[in-house]
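Hi everyone, thanks for making time this morning. I'd like to walk you through a structure, so please have the viewer open and follow along.

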Amino acid sequence: MRHFVVYHNPEKMGYSAEEVTELCVVTNKAVDNLIGHRVWLIQGKGTPRKYTLRGTFIVDSVGADTEDGFRHIVRGRDGKLFRPEIAIGSLPWFKTFKASQGNFAFGLQHIGDKAVVYELKRISGV
């Protein structure tokens with residue numbers, strides 16, 4: 001299984017990740033290779049940014065997005081939305097991870113660092 005990260009920017013999206021009630025994300029990136037793989041949803045909010053882990057799921061379907069202005073919607077059933085969200089911005093590995101992801105500027109991205117995947121699983125209980 002491969003792991004991917006999606007970043008939610010509430011200022012750009014017009015709503016907070018706390019309002020997300022389904023295991024889904026939207027993206028303009030290609031999604032055909034995502035089925036069966038895990039997506040992690042991270043949000044950065046406020047100034048200075050406070051980063052949280054909002055949810056994770058295993059992708060079971062992909063399709064056209066018809067509501068948010070993105071090309072694709074990615075959905076899953078096997079996963080969890082964290083309430084409350086899990087604070088991750090101050091964790092020792094996060095700064096390096098964020099830099100490795102281009103500060104989340106590239107949208108949906110593969111997580112290549114197995115240590116980061118281990119930490120995400122550990123803190124989320126997945």
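**Rings, backbone, core and open space**

Let's begin with a charge and a ring: R38 sits over the face of W40, 5.6 Å from the ring centre. Before I go further, please keep in mind that this is a predicted model.

Staying with aromatic residues, the structure contains nine aromatic pairs. Take W93 and F94 as an example: their ring centres are 6.1 Å apart and their planes meet at 70°, so this pair is edge-to-face. The cut-off for that label is an angle over 60 degrees. Are these two residues buried or exposed? W93 has 14% relative accessibility, so W93 counts as buried. F94 has 2% relative accessibility, and therefore F94 counts as buried too. The threshold behind both statements is under 20%.

If you colour the rings, you can also pick out a cluster, in which ring pairs connect Y7, Y51, W93, F94, F97 and F104. Hold on to F104 from that list, as we'll meet F104 again.

Now for the backbone. As a reminder, most peptide bonds are trans, and most residues other than glycine have a negative phi. With that in mind, which peptide bond leading into P48 should you look at, and what is its form? The bond from T47 to P48 is cis, with omega near -5°. You'll find P48 in the loop between β3, residues 38-45, and β4, residues 50-64. There is also a cis peptide bond between R83 and P84, where omega is about -5°. P84 belongs to strand β5, which covers residues 72-87.

On to phi. N103 is not a glycine, yet its phi is positive, at about 55°. N103 lies in the loop that runs between α2 (94-100) and β6 (109-110). F104 has a positive phi as well, near 65°, and is likewise a residue other than glycine. The place of F104 is in the loop between α2 and β6. With 8% relative accessibility, F104 falls under the 20% cut-off and so counts as buried.

That takes us inside the protein. In soluble globular proteins, nonpolar side chains tend to be buried together. Here, the largest nonpolar core has 18 residues, and the ones with the most contacts inside it are I42, L53, I88, F97, F104 and I111. So who supplies this core? At least two residues each come from β1 (3-8), β3, β4, β5, α2 and α3 (114-124). Of these, α3 gives the most, with four residues. F97 and F104, by the way, are also in the ring cluster I showed you earlier.

Next, the empty space. Rolling a probe the size of a water molecule over the atoms shows where empty space is left. How many cavities of 30 Å³ or more are there? There is one, and the largest cavity has a volume of about 40 Å³. Its lining is made of E22, L23, C24, V25, L41, G55, T56, F57 and L81. The elements that give two or more residues to that lining are β2 (24-27) and β4, and β4 has the largest share, with three residues. By type, the cavity lining has six nonpolar residues, two polar and one charged.

Now turn to the open side of things, the largest pocket. About 700 Å³ of space lies in this pocket. Its lining counts 31 residues, and H8, M13, Y15, V26 and F70 lie nearest its centre. The elements contributing two or more lining residues are β1, α1 (10-13), β2 and β5. Here the largest share, four residues, comes from β2. The pocket lining splits into 16 nonpolar, seven polar and eight charged residues.

One last stop: V20. V20 is placed in the loop between α1 and β2. Its relative accessibility is 11%, so V20 counts as buried. If you'd like a distance to check in your viewer, try V20 to G112: C-alpha to C-alpha, they are 26 Å apart in space, and 92 residues separate them in sequence.

That's my tour. Thanks for listening, and I'm happy to go back to any view you'd like to see again.

Methods
Residues are numbered from 1 along each chain as its sequence is written. This is a predicted model: local features need pLDDT of at least 70, side-chain atom pairs count only at pLDDT 80 or more; totals for chains, interfaces and linings use all residues. Side-chain values use heavy atoms; hydrogens and water are left out. Rings of Phe, Tyr and Trp (its six-membered ring) pair if their centres lie within 6.5 Å; planes under 30 degrees apart count as stacked, over 60 as edge-to-face and the rest as tilted. Buried means under 20% relative accessible area, exposed over 50%, partly exposed in between (1.4 Å probe, protein chains only). A charge sits over a ring if NZ of Lys or CZ of Arg is within 6 Å of the ring centre and within 35 degrees of the ring normal. On a 1 Å grid over the protein atoms alone, a cavity is a set of points where a 1.4 Å probe fits but cannot get out, and a pocket is an open set with protein on both sides within 12 Å along at least five of seven lines; lining residues have an atom within 4 Å of a point. Grid points are joined across faces, edges and corners, and a volume is the space filled by probe spheres set on the points. Ala, Val, Leu, Ile, Met, Phe, Trp, Tyr, Cys and Pro count as nonpolar, Asp, Glu, Lys and Arg as charged, and the others, Gly among them, as polar. A nonpolar core is a set of buried Ala, Val, Leu, Ile, Met, Phe, Trp, Tyr and Cys residues joined through side-chain atoms within 4.5 Å.
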